[in-house]
Amino acid sequence: MSYTAPVQRQMDTLKSLPLDKLPQRADVDDNTIEMILTEASKLTGGVLAPLNRSGDQEGTKLSNGVVTTAPGFKDAYTEFRTNGWGSLPFPQQYGGQGLPWVVSFPVSEMVQAANLSFGLGPLLTQGAAETIDHYGTQEQKDAYLPKMVSGEWTGTMNLTEPHAGTDLGALTTKAIRNADGSFGIVGQKIFITWGEHDVADNIIHLVLARIEGAPAGVKGISLFIVPKILEDGTRNDLLCTGIEEKMGIHASPTCTMQYGDNGGAKGYLLGAEGEGLKNMFTMMNNARLHVGLQGVGVSERALQMAKAYAEGRVQGTKLLDKTSVTIDKHADVFRMLQRMEALTAATRALAYQAAYLMDMKREDYVGLLTPIVKSYCTDMAQEVTALNTQVHGGMGFIEESGAPQLQRDARILTIYEGTNGVQAMDLMFRKMLQDKAGPGVTLKQYAAEMLDSATATKINEITDLIIANALPDPNKVAFVAVPYQSFLAIHFAAAGLSKVAGCEKLSSFFNAHVLPDAEAHAETIRRSLATPLVDMGFDPN
């Protein structure tokens, strides 16, 4: 199950963006970017990718609160860390390389493609570091960022509890004030990715909890930095009490974390009291974009696997002269391979566009694109990995082929960091209907800049139809949130792909085989909004 980073395709995608406008552009020319990607490809193809299969088979092990990662992972992480691959987008004052996010995205894509389980550790560390950089005091930044940016310490996100998943307002983990200004954190968190491991010296947990006496609901939630190892070198009052047996990403430790068995784990308030959920969204949004990038990565890995198999598998004959052929010469197999490649290239263009806008400080556009990137790139990863299995035929159903692992690993992508249905609701309500500039204003502005006038008009028409139906019953538009999200994503992805040099044939294929799905989603929205919900079997009462 080898992997070769698609450096040329990544470079072409980057060049489709106006990189000359980047604030950091003076320090980062095309040759520098290509050199960075070429070096990263050596690590991902030569070190991380070979561990993907064995990591899936070995998994992680828990004994007395200690998690041991799969063989080879610790050494691989040391190589990743010592070569500075986790530090690319961070400020130089904390040991980062100060590169644009849009340059770090191709590297992250490579890591996720090579080894999704491994890549989750650096992914969350980056998000935690960015959150501390945004909301931490200078003392907190100086204490945590240098070692998190260097990778000596890793980071996690602690939100979910057994009874509080998407509904974080129901969480019960509490924070008790200590005399020294710190807090004692008491409670349990579940599904904590890389919550305990043996690859780094310390783990910096970002934990949502409710300060005693704070109001119920999301307004009473605060965010805390809770280190595994305290500054005096002692172990904090926290413990991994279990790791999940999962469908995929077996080499990623998904932990149950218990805080405060002995009086409370020491935690430090990050940002203002009562603004924990708002502040945590910095990490969640970073993670959501990177989960979209995981979708791109695993799609690329599946594409490479399918092409290699199809080009070497002799089966059947040509329709015209009946000579034996490899299966990539059969029209329908070729169609599947083209669809895989077009979807991978289009989702890559979409994700890189979001990263570029992060660098340009276009927070309005980044906010709009975040749920679209997270959902569409991961939805398409489901299709691409399934097509890989299909191209392999019967062998695709056999674990030995490697195809099932990619499909199993990809399955979590539409679920964690907010299910894709939650992304659709976020897009529909918070980003479009509740847009501070007015319902649909930012979306229409983005469509006018990105798309041709005819396509922008289509988007405005469907958006205006939804706005007109949003009251008096919001359930009506919630019912079409997912098709609306897909409708937008397909148009934005098609536009991005059309600008990538060398993708002319893929763009034509996308326009013929994928773009028509957007009109199908539009028709679903029209018909649904014209039909009473009760006639479709939905009764909100």
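# Exercises on a predicted model

At 7% relative accessibility, His-491 counts as buried. The structure you are looking at is a predicted model, and the exercises below let you practise reading it.

## Exercise 1: A histidine and its neighbours

Find the element that holds His-491, and list the residues that His-491 touches, not counting residues up to four places away in sequence.

Solution.
- Step 1. Look for the element first: His-491 is in helix 16.
- Step 2. Recall the accessibility: the cut-off for buried is under 20%, and His-491 has 7%, so this residue is buried.
- Step 3. Leave out residues up to four places away in sequence, and His-491 is in touch with Leu-451, Thr-455, Ile-459, Leu-515 and Ala-518.

## Exercise 2: Two phenylalanine pairs

Classify the ring pair Phe-80 and Phe-118, then do the same for Phe-479 and Phe-538.

Solution.
- Step 1. A pair of aromatic rings is described by the distance of the centres and the angle of the planes. The structure holds 10 aromatic pairs.
- Step 2. For Phe-80 and Phe-118, the centres are 5.7 Å apart and the planes stand at 75°. Planes over 60 degrees apart count as edge-to-face, so this pair is edge-to-face.
- Step 3. Now place the two residues. Phe-80 belongs to helix 4 (residues 73-82) and Phe-118 to helix 6 (residues 116-135), so their pairing ties together parts that are 38 residues apart in sequence.
- Step 4. Check the accessibility of each: Phe-80 is buried at 6%, and Phe-118 is buried at 2%.
- Step 5. Turn to Phe-479 and Phe-538: with 5.8 Å centre to centre and 40° between the planes, this pair is tilted.
- Step 6. Phe-479 lies in the loop between helix 15 (474-478) and helix 16 (481-498), while Phe-538 lies in the segment after helix 18 (516-529), so the pair ties together parts 59 residues apart in sequence.
- Step 7. Phe-479 is partly exposed, with a relative accessible area of 36%, and Phe-538 is partly exposed too, with 31%.
- Step 8. Finally, go back to Phe-80 and Phe-118: together with Phe-73 and Tyr-77 they form one aromatic cluster.

## Exercise 3: Charges over rings

Which ring has the charged end of Arg-430 over it, and which ring has Arg-362 over its face?

Solution.
- Step 1. Start at Arg-430: its charged end sits over the ring of Phe-281, 5.5 Å from the ring centre.
- Step 2. Move to Arg-362, which lies over the face of Tyr-365 at 4.1 Å from the ring centre.

## Exercise 4: Two crossing helices

Describe how helix 12 and helix 14 meet.

Solution.
- Step 1. Take the axes: those of helix 12 (residues 420-433) and helix 14 (residues 453-469) come within 12 Å and cross at roughly 90°.
- Step 2. Angles of 65 to 115 degrees count as roughly perpendicular, so helix 12 is roughly perpendicular to helix 14.
- Step 3. Find the residues in contact: helix 12 brings Met-428, Met-432 and Leu-433, and helix 14 brings Thr-463, Ile-466 and Ile-467.
- Step 4. Sort them by class, and the contact has 5 nonpolar, 1 polar and no charged residues.

## Exercise 5: Backbone details

Where do Pro-472, Trp-194 and Ile-249 lie, and what is there to note about the backbone of each?

Solution.
- Step 1. Pro-472 is in the loop between helix 14 and helix 15. A cis peptide bond joins Leu-471 to Pro-472, with omega at about 5°.
- Step 2. Trp-194 is in the loop between strand 5 (183-193) and strand 6 (202-211). Its phi is near 55°, a positive value in a residue other than glycine, and Trp-194 is buried at 5% relative accessibility.
- Step 3. Ile-249 is in the loop between strand 8 (238-243) and strand 9 (254-259). Here phi is near 35°, again positive in a residue other than glycine, and Ile-249 is buried at 5% relative accessibility.

## Exercise 6: Sequence and space

How many residues along the chain separate Ser-87 from Tyr-144, and what is the distance between their C-alpha atoms?

Solution.
- Step 1. Locate Ser-87 in the loop between helix 4 and helix 5 (101-114).
- Step 2. Count along the chain: Ser-87 and Tyr-144 are 57 residues apart, and their C-alpha atoms are separated by 14 Å.
- Step 3. Add the surroundings: Ser-87 is buried at 5% relative accessibility, and, leaving out residues up to four places away in sequence, touches Gly-95, Gly-96, Gln-97 and Val-149.

Definitions and conventions
Residues numbered from 1 in each chain as written. Predicted model: local features only at pLDDT ≥ 70, side-chain atom pairs only at ≥ 80, totals over all residues. Heavy atoms only, no water. Phe/Tyr/Trp six-rings, centres within 6.5 Å; stacked < 30°, edge-to-face > 60°. Buried < 20%, exposed > 50% of the residue type's maximum accessible area, 1.4 Å probe, protein only. Lys NZ or Arg CZ within 6 Å of the ring centre and 35° of its normal. Axes fitted to C-alpha atoms, helices over the stretch in contact; angles between N-to-C directions. Parallel < 35°, antiparallel > 145°, perpendicular 65-115°, else oblique. Contact = heavy atoms within 4.5 Å. Nonpolar A, V, L, I, M, F, W, Y, C, P; charged D, E, K, R; others polar.
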